[in-house]
There are 2 protein chains.
Amino acid sequence: MSITPIAVTDPPLRNAVGLHAPFALRTIIELVTEDKVSGVSEIPGNVDINAALEDAREVIVGADPFQLNGLKLALDDRFAGSEPDQRGDNPWDERRLVHVFSAIEVACLDIAGKITGRPVVDLLGGMVRERVPFAAYLFYKFEGAGGELGFKTDPHAAAWAAARQAEALDPESIVAQARAMCEEFGFVPLKLKAGVLEPQIEVDTMFALREAFGPHVPLRIDPNGVWSVETSIEYGRKMKDILEYYEDPTRGQEAMARVRKALGIPMATNMCTTSFDDIPRSIRLGSEDIILSDHHFWGGLRASVELGRICQTFGRRLSMHSNSHVGISLMAMVHMAAAIPNIAYALDTHYPWQCEEVIAGGRVEFEEGTIRVPREPGLGVELDREALAKLHDNFLKCGITHRDDVGEMKKVHPDWEFKPIRW
Amino acid sequence: MSITPIAVTDPPLRNAVGLHAPFALRTIIELVTEDKVSGVSEIPGNVDINAALEDAREVIVGADPFQLNGLKLALDDRFAGSEPDQRGDNPWDERRLVHVFSAIEVACLDIAGKITGRPVVDLLGGMVRERVPFAAYLFYKFEGAGGELGFKTDPHAAAWAAARQAEALDPESIVAQARAMCEEFGFVPLKLKAGVLEPQIEVDTMFALREAFGPHVPLRIDPNGVWSVETSIEYGRKMKDILEYYEDPTRGQEAMARVRKALGIPMATNMCTTSFDDIPRSIRLGSEDIILSDHHFWGGLRASVELGRICQTFGRRLSMHSNSHVGISLMAMVHMAAAIPNIAYALDTHYPWQCEEVIAGGRVEFEEGTIRVPREPGLGVELDREALAKLHDNFLKCGITHRDDVGEMKKVHPDWEFKPIRW
């Protein structure tokens with residue numbers, strides 16, 4: 001079992017909490033069997049999660065990669081009572097056990113796929129689609145392309161490389177960003193990370209996107225929970241005719257349910273309903289229509305398939321959330337989304353914002369905004385060990401140990417602070 | 001794809017609907033790949049389900065056994081609108097599509113296990129237990145051991161062979177039946193199929209079992225929904241201190257919820273919540289504590305694993321229902337129960353009531369009421385083709401085409417009729 005923290009270049013993207021640091025942390029896990037079959041996975045990184053993975057070694061090493069149910073129980077035991085396993089108020093998820101199990105499960109499924117000669121999707125019941133669509137993920141941002149420790153040239157075409165670098169703090173520059181991203185990757189739906197500027201500017205941005213792209217391009221806005229119920233309703237009313245769905249305008253299941261009831265448009269979440277424990281209250285209150293799963297946070301690919309069944313049972317729909325990531329997480333998402341019938345929307349991905357890769361063959365290619373589901377055994381990716389070493393070196397040199405978007409923003413605006421509800 | 005209807009000897013067991021016929025119908029499905037890998041499954045049989053399996057051929061033949069999600073969608077399409085897919089009022093389930101998909105899924109998982117060299121449980125996430133416990137399933141019955149077309153001697157030890165033959169229409173004879181069954185198979189929990197005699201006699205039977213077996217033997221009673229809410233509460237009060245759970249005393253989710261609220265003891269169902277479509281209302285009303293799944297009715301083994309997650313999410317527990325069956329269904333139940341963490345009770349099985357077998361090696365052995373989870377690839381069973389041919393011959397000769405417990409009872413009591421609520 002190898003645990004390799006990496007740091008990948010991340011531009012100064014803004015969100016409701018603050019600002020992305022010049023590097024995003026991921027952790028790459030590799031499990032190798034006695035027969036030298038290797039399985040890999042990738043999870044959001046920080047030193048606490050890396051320490052938890054170290055703690056999990058005694059449970060993992062020597063185990064059978066097919067005994068995932070038993071491994072889950074053993075990890076539950078190992079971590080029982082060791083910490084309050086809370087999600088936290090951030091748009092990302094701070095629980096450790098689900099990250100650890102997701103890391104182990106995906107690597108084990110990669111191994112199981114290789115041993116059985118089957119792609120991971122076939123271990124999840126098989127493909128219901130041959131290509132998985134993704135959405136353009138647009139960000140307000142400061143000028144800049146992120147850290148430069150191990151990375152010299154942007155691998156993207158000139159237009160997206162320039163847009164990725166450019167400041168985007170108003171509707172026009174977001175439209176330009178969207179045009180460049182869609183030209184490079186072929187995405188159709190557009191998602192704006194909001195909760196950053198005054199709500200009216202963000203609404204204006206959505207209407208500028210509508211004006212530029214026309215009514216056939218689905219639009220989503222995600223204020224990351226920092227709008228009050230009243231603000232969510234007020235600005236939601238203005239946008240209700242142009243949104244594919246309205247993602248986490250406000251914080252908590254009860255507030256989300258109030259907004260949903262007032263507006264009657266589809267609402268999505270990756271913040272108010274983020275674990276199986278949250279499901280009963282979500283059903284009772286009616287807090288969302290669409291759960292944006294994330295296999296790193298829901299406990300793996302099989303748990304996400306089970307979440308798909310829950311969504312189907314209760315008339316909810318399913319799609320996927322993303323954080324900054326490289327190709328292993330991307331391909332795990334592709335296998336999972338290929339297996340779930342009721343995935344009804346193009347998935348989120350931060351992939352266009354990164355430039356590096358840890359998998360052999362380099363950056364994954366999108367074709368018309370979609371990725372072909374691999375038919376190779378396992379996840380269908382192999383580690384590029386030289387690239388991995390370089391990105392691990394980035395991690396060691398960059399000095400970042402935790403994601404801290406507030407701290408990063410304070411470097412630009414010293415009086416910045418996080419507000420759970422800002423508007 | 002081979003579809004082989006069989007008839008196995010079934011004693012004159014009584015239930016709320018009427019009487020078991022001298023033969024129980026099952027259908028054995030065998031799928032063979034181009035590479036001659038064979039997968040088998042078994043489902044409750046009748047000529048309609050056999051016809052539906054025939055109709056499914058065009059979807060199944062040529063398909064990839066790993067593409068279960070795609071096969072499900074293709075079967076949904078094939079059968080869309082062809083009939084109202086209703087469960088019916090009987091204790092057994094009359095929907096066809098779930099039976100057909102269950103048949104295909106289990107046989108495909110058997111193939112997938114053989115191809116990959118893994119037991120089916122490992123394709124469901126792996127084992128959380130090495131042995132699966134079953135309960136003694138007690139029946140009021142007339143004298144007799146069932147049909148005799150293809151079966152001459154009872155393979156069981158003398159005591160159980162005699163008890164299996166004996167009349168049991170009062171508390172004392174049920175105690176004798178329980179003693180003989182437990183001596184033969186080693187079961188611990190005792191379940192009485194009730195809804196047959198006056199409620200007070202059935203309550204007396206439960207107290208006689210308690211008296212005979214002591215407080216450490218869990219007891220369950222299942223009146224199959226024919227008691228009114230008032231009767232369920234009245235007789236439930238008398239038994240509340242001696243029941244492990246109270247199974248389907250009355251009919252429908254709302255009535256069950258009223259009984260559950262009045263008594264505050266664990267309640268189980270395989271009648272009021274029998275499909276994913278029933279789950280939201282079950283949660284809203286609180287109609288039961290324990291869902292007795294049946295992979296033949298819930299759409300296969302993977303769907304049952306997903307049901308396990310739903311139960312876990314909503315604080316329900318899971319166990320398994322049974323109909324008369326032979327070893328293929330038995331072993332499918334064992335693989336499934338071995339993979340689901342929140343299976344909290346010994347499973348139901350009618351297996352002691354049958355004498356024949358279609359699997360090589362003959363009747364499956366219980367050890368202290370449990371069955372060891374196979375570690376052989378697939379389900380771990382092979383067809384005994386001679387035995388299968390003989391039991392198919394039984395099917396052809398016995399003349400039974402549908403389960404008809406009312407009609408069977410009319411042969412004994414001509415004025416018998418089914419009453420959804422009898423007491």
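Across all chains of this predicted model, a search of the whole structure finds 56 salt bridges, each defined as a side-chain nitrogen of Lys or Arg within 4 Å of a carboxyl oxygen of Asp or Glu. Side chains of opposite charge can pair when their charged atoms come close. Three of these pairs are listed below.

| Pair | N to O distance | Citation |
|---|---|---|
| A:Glu42 and A:Arg26 | 2.7 Å | salt bridge |
| A:Asp222 and A:Lys191 | 3.4 Å | salt bridge |
| B:Arg78 and B:Glu58 | 3.3 Å | salt bridge |

In chain A, A:Glu42 belongs to strand β3 (residues 38–44) and A:Arg26 to strand β2 (residues 23–32), so their salt bridge ties together parts that are 16 residues apart in sequence. Helices (H or I, at least four residues) and strands (E, at least two) are DSSP runs, numbered from the N terminus. Both A:Glu42 and A:Arg26 are buried; buried means under 20% relative accessible area, exposed over 50%, and partly exposed in between (1.4 Å probe, protein chains only).

The salt bridge between A:Asp222 and A:Lys191 ties together parts 31 residues apart in sequence, because A:Asp222 lies in strand β7 (residues 219–222) and A:Lys191 in strand β6 (residues 190–193) of chain A. A:Asp222 is buried at 0% relative accessibility, and A:Lys191 is buried at 1%. A network of salt bridges links A:Lys191, A:Lys193, A:Arg220, A:Asp222, A:Glu244, A:Glu247 and A:Asp348. Within this network, the side chains of A:Asp348 and A:Lys191 are joined by a polar contact of 2.7 Å (a pair of N or O atoms within 3.5 Å; within protein, one must be able to donate a hydrogen and the other to accept it, and residues adjacent in sequence count only if both atoms are side-chain atoms). A:Asp348 is placed in the loop between α13 (327–339) and β12 (370–372) of chain A and is buried, with a relative accessible area of 1%.

In chain B, B:Arg78 of helix α2 (residues 68–79) and B:Glu58 of helix α1 (residues 47–60) form a pair that ties together parts 20 residues apart in sequence. B:Arg78 is partly exposed at 29% relative accessibility, whereas B:Glu58 is exposed at 60%.

Residues are numbered from 1 along each chain as its sequence is written, and chains are lettered from A and ligands numbered from 1 in the order in which they are written. Local features need pLDDT of at least 70, side-chain atom pairs count only at pLDDT 80 or more, and totals for chains, interfaces and linings use all residues, while side-chain values use heavy atoms, with hydrogens and water left out.
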